[in-house]
Amino acid sequence: MRWCVVGFIISLFRDVVELREGSGCEEALISRSSSPGLQVQAGTEEEDPLCLVEKHPAAVPDADLKKEKATSDLVKRSDRCGHGWSQFNNRCFRYISGAQTWPRAERNCRSMGATLASVHDVHEYHEIQRLVLTATHSYQQAWIGGCDIHEDGHWMWSDGSAFGYADWCPGEPNNGRGRKQDCLQMNFSSAKCWDDLQCQYKLPYVCVKKI
Ligand SMILES: [Ca+2]
Ligand SMILES: [Ca+2]
């Protein structure tokens, strides 16, 4: 009987270790992507903070997120999306004003059953820009779900959807001219277009979830 208890505790420990070792945006991308055979290395946020998210996000948003909920949600309501979310093209978008690194922003989106936003055409981009404008009264720079951590120049969306449409600013993405810029910010420059930026920067962000 005692060994059964010990065995149970060991198996629990193994599950926790596997959960931590299995963390990674890459895993979500591999499982959802139509690109088989993608090989990437997992890591910790401290060692490699790019494109990393937890395999099983926390069920309850953290304190920061709760605070953000109270202060920064979009005003617009959508019955199908829930309070704080805005529906467009059968998806629900939400702007979060509390600045986070890209990996942390992705985790917070996932804690709400969402991901950082993918953008598939100019109409969606304009809708997201409108949400940001409504919430901030400006074209605030913000993270969306693009990253090229796996291979510079090979951009992906963290929700696994195909990266087709893009609105890169002139000269972007430039990978910081060698400074390793692997995450996608919107509303960059006066042209309000896209730029690749170091993922450790803290920006507001936009989440998306399917209805
Ligand atoms: Ca890059
Ligand atoms: Ca750049």
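1. Strand β8 covers residues 203-210. In this predicted model, β8 is mostly covered, with 6 of its 8 residues buried. The strand takes part in two pairings, which are useful to trace in turn. With β2, β8 pairs in the antiparallel sense over 7 bridges. With β3, which spans residues 115-116, β8 also pairs in the antiparallel sense, over 2 bridges.

2. Individual bridge partners can be looked up in the structure. Tyr 95 stands opposite Val 206 in β8. The bridge partner of Arg 94 is Cys 207 in β8. On the side of β3, Thr 115 has Val 208 of β8 as its bridge partner.

3. Strand β2 runs from residue 91 to residue 100, and 7 of its 10 residues are buried, so the strand is mostly covered. Besides its pairing with β8, strand β2 is joined by 3 bridges to β1 (residues 86-88), and β1 and β2 run antiparallel. Gln 87 stands opposite Cys 92 in β2. Strands β1 and β2 form a hairpin with 2 residues between the strands. In this hairpin, Asn 89 takes a positive phi near 50 degrees.

4. Helix α4 covers residues 102-110. Is this helix enclosed or open to the outside? It is largely enclosed by the rest of the structure, because 9 of its 9 residues are buried. The buried residues include Trp 102, Pro 103 and Ala 105. Arg 104, Glu 106, Arg 107, Asn 108 and Arg 110 are also among the buried residues of α4, as is Cys 109. A residue counts as buried here if 20 or more other C-beta atoms lie within 10 Å of its own. As general background, an α-helix has 3.6 residues a turn, so residues three or four places apart point the same way.

5. A further group of strands is built around β4, which covers residues 142-147. Strand β4 is mostly covered, and 6 of its 6 residues are buried. Strands β4 and β6 pair in the antiparallel sense over 3 bridges. In this pairing, Ala 142 has Met 186 of β6 as its bridge partner. Strand β4 is also joined to β5 (residues 156-157) by 2 bridges, and these strands run antiparallel. Here the bridge partner of Cys 147 is Met 156 in β5.

6. Asn 187 lies in β6, which covers residues 183-188. This residue is buried, because 24 other C-beta atoms lie within 10 Å. Asn 187 and Ala 142 are 45 residues apart along the chain, and their C-alpha atoms are separated by 6.9 Å. Leaving aside neighbours within four places in sequence, Asn 187 is in contact with Ala 142 and also with Gln 129, Val 132, Tyr 139, Gln 140, Gln 141 and Lys 192.

7. Where is Tyr 139 found? It is in the loop between α5 (residues 122-136) and β4. Tyr 139 counts as partly exposed because it has 16 C-beta neighbours inside 10 Å. Not counting residues up to four places away in sequence, Tyr 139 touches Gln 129, Val 132, Leu 133, Asn 187 and Lys 192. Tyr 139 and Lys 192 are 53 residues apart in sequence, yet they are 7.2 Å apart in space, C-alpha to C-alpha.

8. The wider layout can now be stated. The protein has 5 helices and 8 strands. Read along the sequence, they follow the pattern α-α-α-β-β-α-β-α-β-β-β-β-β. Of the 211 residues, 37% count as buried. Among contacts between residues at least 6 apart in sequence, 69% join residues at least 24 apart.

9. Confidence is the last point to check. The mean pLDDT of the protein is 77, and 63% of its residues reach 70 or more. Over residues 52-60, pLDDT stays under 50, and the model has 25 contacts beyond four places in sequence for them. Residues 70-77 also have pLDDT under 50 throughout, and for these the model has 17 contacts beyond four places in sequence.

Conventions. Residues numbered from 1 in each chain as written. Chains lettered and ligands numbered in written order. Predicted model: local features only at pLDDT ≥ 70, side-chain atom pairs only at ≥ 80, totals over all residues. Helix = DSSP H or I, 4+ residues; strand = E, 2+ residues; numbered from the N terminus. Buried ≥ 20, exposed ≤ 12 C-beta atoms within 10 Å, placed from the backbone. Contact = placed C-beta atoms within 7 Å. Pairing = 2+ DSSP bridges. pLDDT = per-residue confidence, 0-100.
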